[in-house]
Amino acid sequence: PPAMSRRVVRQSKFRHVFGQPVKADQMYEDIRVSKVTCDSSFCAVNPKFVAIIVESGGGGAFIVLPLAKTGRVDKNHPLVTGHTAPVLDIDWCPHNDNVIASASEDTTVMVWQIPDYVPVRNITEPVVTLEGHSKRVSIISWHPTARNVLLSAGCDNLVILWNVGTGEMLLALDDVHTDLIYNVGWNRNGSLLVTTCKDKKVRVIDPRKQQIIAEKTKPHDGTRPIRAIFVADGKIFTTGFSRMSERQLGLWDLNNFEEPIALQEMDTSNGVLLPFYDADSSSIRYFEITDEAPYVHYLNTYSSKEPQRGMGFMPKRGLDVSKCEIARFFKLHERKCEPIVMTVPRKSDLFQDDLYPDTPGPEPALEADEWLSGKDAEPILISLRDGYVPIKNRELKVVKKNILDSKPPPGPRRSHSTCDSDFSQPALEEVLEEIRALKETVQAQEKRISDLENKLCQFTNGTD
């Protein structure tokens with residue numbers, strides 16, 4: 001009877017999702033994308049800017065373009081320079097769209113304030129430089145809910161957590177990894193980390209207790225790099241290779257880390273898969289992750305003939321809800337950046353509640369000190385019903401603590417020259433005060449020069 005008939009096709013609101021590159025005039029052309037060999041995405045995007053690591057003589061650099069500045073990029077467009085060796089990773093702050101962090105082969109992490117206007121000259125002065133690694137730093141990732149907490153991981157097998165607001169090291173995980181760290185990911189509220197490593201282990205770590213709370217050896221049998229991210233309900237999604245070099249993906253439950261909930265072979269391509277996850281809907285091959293078997297459902301594939309050099313992923317608040325856009329990737333080629341829009345076709349022009357549940361907004365839920373003391377908080381959510389309007393430039397203030405009061409941070413440190421015992425504390429404080437005053441003067445002059453350059457630009461552009 002009709003009532004007993006079984007649905008052949010699984011019902012899903014994402015079933016008809018499709019990917020489409022933008023038109024040629026909406027791409028970013030003539031960008032010399034970095035050729036450094038590193039498993040990095042080389043690209044970071046937010047609702048205001050797209051940032052791309054580029055080739056640079058005499059040090060490392062990346063370019064920052066306003067999203068609307070599409071087309072051919074001027075070869076003299078200002079860069080963000082300051083590292084003395086290639087930049088390996090970049091990440092926008094989730095709580096300030098004008099702040100970006102960069103990690104480099106020069107062993108440092110730098111945090112930059114990007115103005116809303118296009119600067120006339122290269123940006124060369126970071127807001128803060130974070131030094132603590134002894135080898136190149138290949139991974140950085142901001143905490144999802146705590147203000148100014150930044151993670152860095154280096155080729156010294158060390159993971160460091162920083163308070164960018166004070167420029168100090170919060171803690172270092174130095175005895176956790178025995179080999180090169182491939183990738184690091186936070187869970188939704190930033191209470192746990194998942195890492196993959198060259199020693200073929202996936203580790204789930206409580207960073208504040210500096211403890212491994214779960215560990216899985218060889219989730220994929222192949223020798224190529226593994227990647228792992230947290231998905232909804234604390235499950236872990238991994239990508240890797242089988243013993244026969246087929247690309248695989250797996251879904252794991254922390255309560256039973258021995259056996260995967262799902263393990264699927266995909267194809268025999270040799271490229272390392274980059275997983276991106278949208279917690280509001282699903283997680284260029286598109287899958288949906290559900291609570292029922294078989295848990296991981298293939299939806300669709302966007303493919304093109306040209307290989308990708310890297311990939312950026314727009315946060316949900318940067319999408320166009322009026323066009324039912326559920327994801328936007330920024331695919332890097334050798335000389336250009338190509339946005340790819342993923343859309344779920346709908347007949348109605350009304351806001352689609354089922355596609356756009358409330359999503360993490362730009363306000364942090366915790367301060368760095370609160371998080372370090374053991375407090376957790378879920379992201380502060382916003383509605384996209386009326387679209388999202390980016391907040392104007394908010395300055396990142398770094399207040400360094402008095403070095404005379406501070407205790408040495410935990411974990412390995414670089415050697416510091418000791419002060420002469422005859423150099424009295426008041427004299428040292430006087431020198432520090434002078435340095436601070438000089439810095440303020442320089443910053444004021446820089447701002448004045450920048451303002452004058454902007455006015456000059458308006459005259460030369462004929463807009464004044």
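A surface patch is made of residues with over 30% relative accessible area and no salt bridge, and nonpolar side chains are joined within 5 Å. One such nonpolar patch appears in this predicted model. Val-431, Leu-432 and Ile-435 form the patch, which covers about 210 Å². Val-431 belongs to helix α2, residues 425-460. Its relative accessibility is 36%, so Val-431 counts as partly exposed.

The UniProt record, an unreviewed entry, places a "coiled-coil region" at residues 428-455. In the model, residues 428-455 are 100% helix and 0% strand. The C-alpha atoms at the two ends of this span are 41 Å apart.

The same kind of record annotation concerns another part of the chain. UniProt lists "repeat: WD" at residues 80-114 and 130-172, again from an unreviewed entry. Residues 80-114 are 63% strand and 0% helix. The end C-alpha atoms of this span lie 9 Å apart.

Next comes the interior. The largest nonpolar core holds 37 residues. Within this core, Ile-31, Val-50, Ile-52, Phe-62, Ile-114 and Phe-330 touch the most other members. Six strands each give two or more residues to the core: β3 (43-45), β4 (49-54), β5 (60-66), β8 (87-92), β10 (108-113) and β27 (325-332). Strand β4 supplies the largest share, with 6 residues. A second core is separate and has 20 residues. Among them are Leu-161, Leu-171, Trp-186 and Ala-368.

Ile-114 shows how residues from many positions meet. Neighbours within four places in sequence are set aside here. Ile-114 then contacts Phe-49, Val-64, Val-80, Trp-92, Asn-98, Ile-100, Ile-123 and Asn-393.

Tyr-388 was examined in turn. Where does Tyr-388 lie? Tyr-388 sits in the loop between β30 (381-382) and α2. Is Tyr-388 buried or exposed? Buried means under 20% relative accessible area. Tyr-388 has 18% relative accessibility, and therefore counts as buried. Beyond its neighbours within four places in sequence, Tyr-388 is in contact with Pro-47, Asp-97, Arg-317, Pro-362 and Ile-382. Tyr-388 and Val-321 are 67 residues apart in sequence. In space, their C-alpha atoms are 9.2 Å apart.

Definitions and conventions
Residues are numbered from 1 along each chain as its sequence is written. This is a predicted model: local features need pLDDT of at least 70, side-chain atom pairs count only at pLDDT 80 or more; totals for chains, interfaces and linings use all residues. Side-chain values use heavy atoms; hydrogens and water are left out. Patches are made of residues with over 30% relative accessible area and no salt bridge: like charges are joined within 9 Å, nonpolar side chains (Val, Leu, Ile, Met, Phe, Trp, Tyr) within 5 Å. Accessible areas come from the Shrake-Rupley method with a 1.4 Å probe; for residues, only the protein chains shown count as cover. A salt bridge is a side-chain nitrogen of Lys or Arg within 4 Å of a carboxyl oxygen of Asp or Glu. Helices (H or I, at least four residues) and strands (E, at least two) are DSSP runs, numbered from the N terminus. Buried means under 20% relative accessible area, exposed over 50%, partly exposed in between (1.4 Å probe, protein chains only). UniProt positions are given in the numbering used here, feature names are shortened, and annotations may be inferred rather than shown by experiment. A nonpolar core is a set of buried Ala, Val, Leu, Ile, Met, Phe, Trp, Tyr and Cys residues joined through side-chain atoms within 4.5 Å. Contact means heavy atoms within 4.5 Å.
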